[in-house]
Amino acid sequence: MEDFTEPIVQIRQLTKSYRRGGQIISVLTNISFDINSGEFIALMGPSGSGKSTLLNLIAGIDKPDSGSLKVNGRDIATLSEADLADWRAANVGFIFQFYNLMPVLTAFENVELPLLLTRLSRDQRQERVELALSMVGLTDRVEHYPSELSGGQQQRVAIARAFITDPVILVADEPTGDLDRASADDILAMLQRLNREMGKTIIMVTHDPYAAKSAHSIRHLEKGELDVTNQ
Amino acid sequence: MYISIPLSYIWRNLIARKLTTLLTAGGMALVVFVFATVLMLEEGLRKTLVETGSPDNVIITRRSAGTEVQSVVDRDQAAIVENQPEVAYSTNGLRLASKETIVLISLAKRSSDKASNVLIRGVGQKGIELRPQVEIVEGRMFRPGSTEIIAGKSVAERYYGAGIGETLRFGQREWTVVGIMDAGKTGFDSEIWGDVDQLMQTFRRPVYSSVILKLNDPAAFSALKTRIETDPRLTLEVKLESVFYAEQSQLLANFIRYLGMMLSIIFSIGAIIGAMITMYASVANRATEIGTMRALGFRRNNILSAFLLEALMLGAAGGVVGLVLASFMQFFTISTMNWQSFSELAFSFTLNIAIITKSLAFALIMGGVGGFLPAARAAGLNIVDSLRAV
Ligand SMILES: Nc1ncnc2c1ncn2[C@@H]1O[C@H](COP(=O)(O)OP(=O)(O)O)[C@@H](O)[C@H]1O
Ligand SMILES: [Mg+2]
């Protein structure tokens, strides 16, 4: 990257632990690292190493115990819950392992959901949703419900939902974990396009080395600590 | 910023769980049905008795008699009352007053052969003129001085011998029904009317039960009341007819109301618990959805209102169904003993806007109360935890 702007994600001395039945489980200890704007990184590590926890912190759906967490210039660790909700709506796109679509909403309505939090008019929303669905190749599935779509198609709807608000970062937790190889390839190619063509910063958790190859760089988490390996 | 989860999304979640929604809303519908039916019954009774009285009619009975059945007004007293200056004149120059007598007789019901008390009213010549709501719909008025009688519509339908052309035997005489009166669903529909003098002779009664009179000016009521009630020769009580009949319905109306409200409250507790269980299950089943919505930027209060609305919709659905069922009750007439007059009284379930509003409000309250805790739980969920709950 030629530009010397501030990294889009800046993590310093981040610590997170969970309390379970009176016992404190330390998940992340003193993690510090940066992610530059436009980067596509894969977060790897054994199960239970804290990958999802780290991703959730960056995405602003969990709070660290200590340390600072700057995303897109905002220290999100200090935001109030309501402000954090608005911040997420504007800055983060989520992609989940099990797609997490609303079963009673059509593909169109699922993609439209985050736009209900914006000031866009009905017509503007429709225009955007149709464009997003055509970008993920689902023009002919607009009125379908999740149960009428394959896993790969559902994940494409989820991807459309993730970028519909034009967020600065996309977080994906095992986005191919529930898919067959061909569908997984589809999804990975789509993420790469979002990264390359739309400049989205992508943080993807995966334990699949093959999937990780789609990213620019891979970070390994091991027992709550990070070691950096560049591809 | 104004944000809300679309109603169609909430509605579709209810539709998606067909059976539970049906059962839960069905439970509420049942409660609303009971609730509305009781109000309709009370309203029907109120309407029947209150409208029996005309606003500018005055009824005079013996002091603290309460009902006409228990009242005694002797001939001298009746004559004094009839000639008070506040009493209106009819077109033929006579006073618009009717000295009446009340007799209870036992008649057999056409439906069950069981006997029940029916009120027979001996009326004067002006008796019908004083009750503009009473209309002869079949046959004719009885002739004065004869053993002819006319029967109220509901009596004619329900008792042997009370139909037009039929005869009844009481007081060791035969009485012929020559007319049917429609009193517009008021209490007179449950009475039989005959000539007051004939009836007094037959039953060997030397006294009247009451005097009904029309005021020449409604404002003159208190003057008349004061004069009669303070006259040492008279031991009488003066009431507006409408007030008199409203008081008669009080005991029965209260009984219906208390019984109905007790039933409604007990049933509604069941329905609320049902709604609560349904909504808790809905929250538990949709934890991931809730977590996802929150991750997308929806706030806790959006989730709270969505689930609360879902419960309210459930209540509203139950309310509408319950009211539709209750509205069919309007086709039924119920007859019961009015303990204050010791006679049978027929009245119907009456639905009005106030009852519709109350019933729907009751349904929404049930939904809201049942949905509040589950909605609060949904809103209180931690995002990460709910996303993990796969
Ligand atoms: N909400 C929670 N409560 C208690 N323990 C948790 C919670 N979330 C995660 N953990 C624990 O933290 C550790 C890291 O979890 P996670 O970040 O999901 O790992 P990964 O995604 O790498 O598999 C695990 O031991 C897990 O059991
Ligand atoms: Mg994980």
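This is a short tour of the site around ligand 1 in a predicted model.

**Stop 1: the ligand.** Start by selecting ligand 1 and colouring the protein by chain. You will find ligand 1 between chains A and B. Now switch on a pocket display, if your viewer has one: ligand 1 sits in the largest pocket.

**Stop 2: the shell.** Next, select the residues within 4 Å of ligand 1. There are 13 residues around the ligand, and those that come nearest are A:Gly48, A:Lys51, A:Ser52, A:Thr53 and B:Arg388. Try colouring this shell by class: six residues are polar, four are charged and three are nonpolar.

**Stop 3: the elements behind the shell.** Switch to a cartoon view. In chain A, pick strand S1 (9-20) and helix H1 (51-58), then add helix H11 (383-388) of chain B; each of these supplies at least two residues of the shell. Which element gives the most to the shell around ligand 1? That is H1(A), with three residues.

**Stop 4: the polar contacts.** Keep ligand 1 in sticks and bring up your distance tool. On the chain A side, begin with A:Gly48, where a backbone N or O atom lies 2.7 Å from an oxygen atom of ligand 1. Move on to A:Gly50: here too a backbone N or O atom faces a ligand oxygen atom, at 3.0 Å. Then cross to chain B and select B:Asp385, which has a side-chain N or O atom 3.1 Å from a nitrogen atom of ligand 1.

**Stop 5: the surface.** Finally, show the surface of ligand 1. On its own, the ligand has 560 Å² of accessible area, and the protein covers 79% of that.

Technical notes
Residues are numbered from 1 along each chain as its sequence is written. Chains are lettered from A and ligands numbered from 1 in the order in which they are written. This is a predicted model: local features need pLDDT of at least 70, side-chain atom pairs count only at pLDDT 80 or more; totals for chains, interfaces and linings use all residues. Side-chain values use heavy atoms; hydrogens and water are left out. A polar contact is a pair of N or O atoms within 3.5 Å; within protein, one must be able to donate a hydrogen and the other to accept it, and residues adjacent in sequence count only if both atoms are side-chain atoms. Accessible areas come from the Shrake-Rupley method with a 1.4 Å probe; for residues, only the protein chains shown count as cover. On a 1 Å grid over the protein atoms alone, a cavity is a set of points where a 1.4 Å probe fits but cannot get out, and a pocket is an open set with protein on both sides within 12 Å along at least five of seven lines; lining residues have an atom within 4 Å of a point. A molecule sits in a cavity or pocket if more than half of its atoms lie within 2 Å of its grid points. Helices (H or I, at least four residues) and strands (E, at least two) are DSSP runs, numbered from the N terminus. Ala, Val, Leu, Ile, Met, Phe, Trp, Tyr, Cys and Pro count as nonpolar, Asp, Glu, Lys and Arg as charged, and the others, Gly among them, as polar.
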